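Visitor: I would like a close look at one part of this model, namely the pairing of charged side chains. Please take me through it with care, and add whatever bears on the charges that remain unpaired.

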Amino acid sequence: MQDSRYHPEQVEKKWQQIWEERKTFEVTHQDTSRPRYYVLEMFPYPSGRIHMGHVRNYSIGDVVARMKMMQGFNVLHPMGWDAFGLPAENAAIKNNTHPAQWTYQNIGYMRQELKRLGYSYDWSRELATCHPGYYQWEQLFFLKFYEKGLVYRKKAPVNWCPTCVTVLANEQVEDGLCWRCDSSVENRELSQWFLRITDYAEELLQDLDKLTGGWPDRVLSMQKNWIGKSTGMEIDFPVQGLDAKITVFTTRHDTLFGATFMSLAPEHEMVPSLIRDNPGQDRIQQFIARTTAQEHRERTDDDAEKEGIFTGSFCINPATGEKMPIYLANFVLAEYGTGAVMAVPAHDQRDLEFARKYHLPVRVVVRPSDQSSDFHILDQAYSEPGVAINSGQFDHKPTHQVQEEIADYLESLQAGRRAVNYRLRDWNISRQRFWGAPIPVIYCEKCGIVPVPADNLPVLLPQDAEMPSDGRSPLPHMEAFVQIDCPECGGKARRETDTMDTFVESSWYFARFTTPRKPDSPFEPDAVKYWLPVDQYIGGIEHAILHLLYARFFVKALRDLGYWDLDEPFSNLLTQGMVLRDGAKMSKSKGNVVDPDEMIQRFGADTVRLYCLFASPPEKDLEWSDSAIEGSYRFLNRLWRTIHQLSGVLSPVGPCMPMDPGELSSEEKKLRAAEHEAMRRATRDMLDRFQFNTAIAACMELLNTIGQHREHLEKSSNGPRVLSSALSTLLTVLAPITPHISEELWAHMGHSHSLSESRWPDYDPRALVRDEVTVVVQVNGKLRSSISVPVDMDQEELKSLCLEEDKVKKHIEGKKVVKIIVVPGKLVNIVVR
């Protein structure tokens, strides 16, 4: 006798092999006869093991890809590896091996894990960013950016992670800590390479409007705030005794008459000239050293003590002509604004606290509109709009008017100009580590900075590198790599030994997927035009600023280099929630990790996929539950048993099979209505809303309905066809979610073609029109019974029928019926006392 039990491992291996042999998910050409759809999940770092966050992310993407295939789209669904990075380097040090060996071993292992889950990836397009065939093109982009002036090198204060032994971009510092290892970040000054992302600040901001409706509002808001556009003025304050001026940016130039001192960042470039003649220079230098050693977060915290030191120099307020002492202040940072702040203590709380501490003057120049001119400040600065006072010819005017008039006044004096400022800073891409794409630059004593000629790319990472145990890059010490002849003069020169930030690789990988094997250019123009932008991008909210902003910048910069006409990389973005256990993010240190391999071994890939999609809507966090995944397993077993038990009854009838309602019995109509209702909900929730959990709930309800009517329908004239159609519909809806078991049961029903080749059916609205409805009967609001009645039954007749219902009688016997409430088609509530 054939074993009819559900064996997930056997079923899943069988169908994965079939898909691979048939090349089911390979996309070989741009088919213009069909609409195209590009779905992409953020590619993983090959750490060696996938985690439940990966499973959830990729399961969501796989459902979208499979649904679109069933809708007739030509679907591109690729996978690759974000393969450069510190973990590989650190593992190589620990295991005394080369990072490439560790990385490719992990890729091989993770590839098998993903294949075990049955994802519909086009593996023929697989790429790894650490392969020279990939990073040679970003080295070319670097050269093109350099020619265009989008890349430059400068000495600058940088964020230094002592644990990772490398520089971090501003976006990679989170609350003063390294985003990778949570170490405290230090400030250092190094010569670094920068991408001029600020050239695109306004376009990056304005084009967020194009993404409204396709991207989550939260992500759009985060990017808008990070770009941080401010409209105001740049004002020049001449320095007394020097042929120099300090320029500030302010949005409150209406308070200029209240500026009584100047606050500079200790790192400001003018500090050496300002303190040159100060006999207390040593004390000032000590303050500078102590302040710059502090974390930025510590310096700018609202609750932190405001500290400063007088430079001995003064500047002139262009509005009042008064001298203003110039202080160095710990809360002013060189990289924000101009590194200088005109201090208006009456109207800024931080300036007020500083002024009180160092006994500096406080001058009120704005009063609330409902206060008199003798308004004064005690412990709280007044920072709201109001009416100007103590501001010369601008007195008694509302501050919004004063802003315009002072702007005109300063521009007429050539002492200031209207300006726009952005919080966004240029992207520091230099990293002092080995496992990254080498920056293609040569340094020659005679010729200076010389770009590597394009025909000499790629600049390869040495395969014989030995990783120092202290975490430093071996590149500066590898003479064979460093020493080179200058391509311009032929003299001795040296290579750049910094490598690129790994976010460079992830800023354009989605485009390389369109032609990943093209040897002579980064992508084929026709393929890029056909496939891009990505229709649906899926990944975590933690990438809202870093990766997504950089990718948007890259698309615009490459557009301006003539590579494409694209403005934005991703039309739609879904940010899935985290997978939690016991209320916390899974981590080894907390001992709350759930191993996907173990779950697949116990329950099968389909159950793991089903649970991840059913337990929570995609955008919400998912709280792991051992009992809930067992429930998902029981559901699939029940589905398996149902179809096998009906083996002699079922036939290969298609989903939502058209039927004549006039030929169907009441029972048959009920199941047919449940079938089409499930398809209606699945179409709405899966295709339009990505609410897979509610679609799965509809499938569970349909299986329950099949169970309720199955015994009767097995024997009725049209029952087998109705059952077959309903189960075919159920398998069709589940096919993108649990593809292996759906394919196996579909074939068991006798279908000759694969579900992956099937089309998503349309439900029939007429099937949803029911002759009968189930009405809930309550007594004093408590459920006592339910009855099936004709949909058009008269209300008085319905009331009488409910009063005669046996289960109701015993709850109303001996009591007075006060009233009967009828909600047509839904419930009857009998109120008694």
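**Salt bridges and their surroundings**

Guide: The structure holds 50 salt bridges, and since this is a predicted model, every distance given here is a property of the prediction. As general background, side chains of opposite charge can pair when their charged atoms come close.

A pair to begin with is Lys-13 and Glu-9, whose side chains meet in a salt bridge with an N to O distance of 3.3 Å. Both belong to helix H1, which covers residues 8-22, and because they are 4 residues apart there, about one helical turn separates them. Lys-13 counts as exposed, since its relative accessibility is 53%, while Glu-9, at 44%, counts as partly exposed.

Another pair is formed by Arg-34 and Asp-31, whose side chains meet at 3.1 Å, again taken from N to O. Here Arg-34 has a relative accessibility of 29% and is therefore classed as partly exposed, whereas Asp-31, at 15%, falls into the buried class, for which the cut-off is under 20% relative accessible area.

The pair that deserves the closest reading is Arg-552 with Glu-568, in which the closest N and O atoms are 2.8 Å apart. Arg-552 lies in helix H16 (residues 546-560) and Glu-568 in the loop between H16 and strand S27 (573-576), so this salt bridge ties together parts that are 16 residues apart in sequence. Arg-552 is buried, its relative accessible area being 0%, and Glu-568 is buried as well, with a value of 8%. These two residues also belong to a network of salt bridges that links Glu-203, Asp-207, Lys-210, Arg-552, Lys-556, Arg-559, Asp-560, Asp-567 and Glu-568.

As for charges outside such pairs, Glu-298, Asp-301, Asp-302 and Asp-303 form a negative surface patch, and a residue enters a patch only if it has no salt bridge and over 30% relative accessible area. Asp-302 is exposed, with a relative accessible area of 68%, and its place is in the loop between helix H10 (296-300) and strand S13 (308-316).

Following the chain from that loop into S13, one finds this strand joined by 6 bridges to strand S14 (residues 323-329), the two running antiparallel. Within this pairing Cys-315 stands opposite Met-324 in S14, and in the hairpin of S13 and S14, which has 6 residues between the strands, Gly-321 takes a positive phi near 75 degrees.

Note on methods. Residues numbered from 1 in each chain as written. Predicted model: local features only at pLDDT ≥ 70, side-chain atom pairs only at ≥ 80, totals over all residues. Heavy atoms only, no water. Patch = residues over 30% accessible without salt bridge, like charges linked within 9 Å, V, L, I, M, F, W, Y side chains within 5 Å. Areas by Shrake-Rupley, 256 points an atom, 1.4 Å probe, with all protein chains shown as cover. Salt bridge = Lys/Arg side-chain N within 4 Å of Asp/Glu carboxyl O. Lys, Arg positive; Asp, Glu negative; His and termini not counted. Charge placed at Lys NZ, Arg CZ, Asp CG, Glu CD. Buried < 20%, exposed > 50% of the residue type's maximum accessible area, 1.4 Å probe, protein only. Pairing = 2+ DSSP bridges.
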